[in-house]
Amino acid sequence: MRLDLRLIAEMVEPGARVLDIGCGDGALIEHLTREKGADARGIEIDMAEATEAVAAGLPVIHGDADADLAFYPDDAFDYVVLSRTLQAVERPREVLRQMLRIGRHAIVSFPNFGHWQLRWKLLTSGRMPDNETWDRKWYETPNIHPCTIRDFFDLCAREGYVVERWLAVDDKGLKSPWKRSPWLANLFGEQGLFLLRKG
């Protein structure tokens, strides 16, 4: 299971009701159900991945976070998860608003475009950078709203969301030691991971 999914699973309480938006093949859903006794389900825009998850017996529906979250009732879940998908949705502010309407908590992970290596590649080559996390050329990427850890802190403050917990991590599984410094985390963390609630 991907690093950010393992860290997300650590944040979820046993027995919780969970909606995983952009759940892919359902790896997190399967893990939460098996290991934490969670009532976990998912929504996935890619029909092939949604079909693969359903074929594996997982409760996944085909849907679009930008359009379909409005149909869920208020407070239907304990946690609503959006892993490595925020930068690919059309309306990230609205998706976050809907997540915190239908869930008591939102857990969001995203690749940090403020990482020093990406900055360096852009500065030295003059071209859009790619790495293990940003692994497609600019003309093939689904990412339409790349952001940094500092950008996300600013958005949470602007929207009145409480950041209960946050991590900056790299793709090798090491948590960055800059817990007290979002500025340093923004520079050295390859991914951001946030646990939010409404203010």
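User: Which residues of α1 are buried?
Analyst: This is a predicted model. In it, the buried residues of α1 are Leu3, Asp4, Leu5, Leu7, Ile8, Ala9 and Met11.

User: Why is α1 largely enclosed?
Analyst: The helix covers residues 3-11, and seven of its nine residues are buried, so the rest of the structure largely encloses it.

User: What do those buried residues pack against?
Analyst: One helix and four strands: α2 (27-36), then β4 (77-83), β5 (103-111), β6 (161-169) and β7 (191-198).

User: Staying with β5, where is His105, and is it buried or exposed?
Analyst: His105 lies in strand β5. Its relative accessibility is 11%, and it counts as buried because the cut-off is under 20%.

User: Which side chain makes a polar contact with His105?
Analyst: That of Glu164, and the polar contact between the two side chains is 3.3 Å.

User: And which residues is His105 in contact with, leaving aside neighbours within four places in sequence?
Analyst: Asp78, Tyr79, Val80, Leu100, Glu164, Leu195, Leu196 and Arg197. Glu164 is thus both on this contact list and the partner in the polar contact.

User: Changing topic: how many disulfides does the structure hold?
Analyst: Zero. Cys147 is in no disulfide, and its nearest cysteine sulfur belongs to Cys156, 9.5 Å away.

User: Why no bond from Cys156, then?
Analyst: The closest cysteine sulfur to that of Cys156 is in Cys147, and because the two are 9.5 Å apart, they are too far for a bond. The cut-off for a disulfide is 2.5 Å between the sulfur atoms.

User: Are those two cysteines buried or exposed?
Analyst: Buried. Cys147 has a relative accessibility of 13%, and Cys156 has 1%.

User: Now the surface. Which residues form the nonpolar patch?
Analyst: Trp116, Trp120, Leu123 and Phe188. Together they have about 470 Å² of accessible area.

User: Which element gives the largest share of the patch?
Analyst: Helix α6, residues 116-125, which contributes three residues. Trp116 is found in that helix.

User: Why might residues spaced along a helix end up on one side?
Analyst: An α-helix has 3.6 residues a turn, so residues three or four places apart point the same way.

User: How exposed is Trp116, and why can it belong to a patch?
Analyst: Trp116 is partly exposed, with a relative accessible area of 39%. Patch residues need over 30%, so Trp116 passes that cut-off.

Notes. Residues are numbered from 1 along each chain as its sequence is written. This is a predicted model: local features need pLDDT of at least 70, side-chain atom pairs count only at pLDDT 80 or more; totals for chains, interfaces and linings use all residues. Side-chain values use heavy atoms; hydrogens and water are left out. Patches are made of residues with over 30% relative accessible area and no salt bridge: like charges are joined within 9 Å, nonpolar side chains (Val, Leu, Ile, Met, Phe, Trp, Tyr) within 5 Å. Accessible areas come from the Shrake-Rupley method with a 1.4 Å probe; for residues, only the protein chains shown count as cover. A salt bridge is a side-chain nitrogen of Lys or Arg within 4 Å of a carboxyl oxygen of Asp or Glu. Helices (H or I, at least four residues) and strands (E, at least two) are DSSP runs, numbered from the N terminus. Buried means under 20% relative accessible area, exposed over 50%, partly exposed in between (1.4 Å probe, protein chains only). Contact means heavy atoms within 4.5 Å. A polar contact is a pair of N or O atoms within 3.5 Å; within protein, one must be able to donate a hydrogen and the other to accept it, and residues adjacent in sequence count only if both atoms are side-chain atoms.
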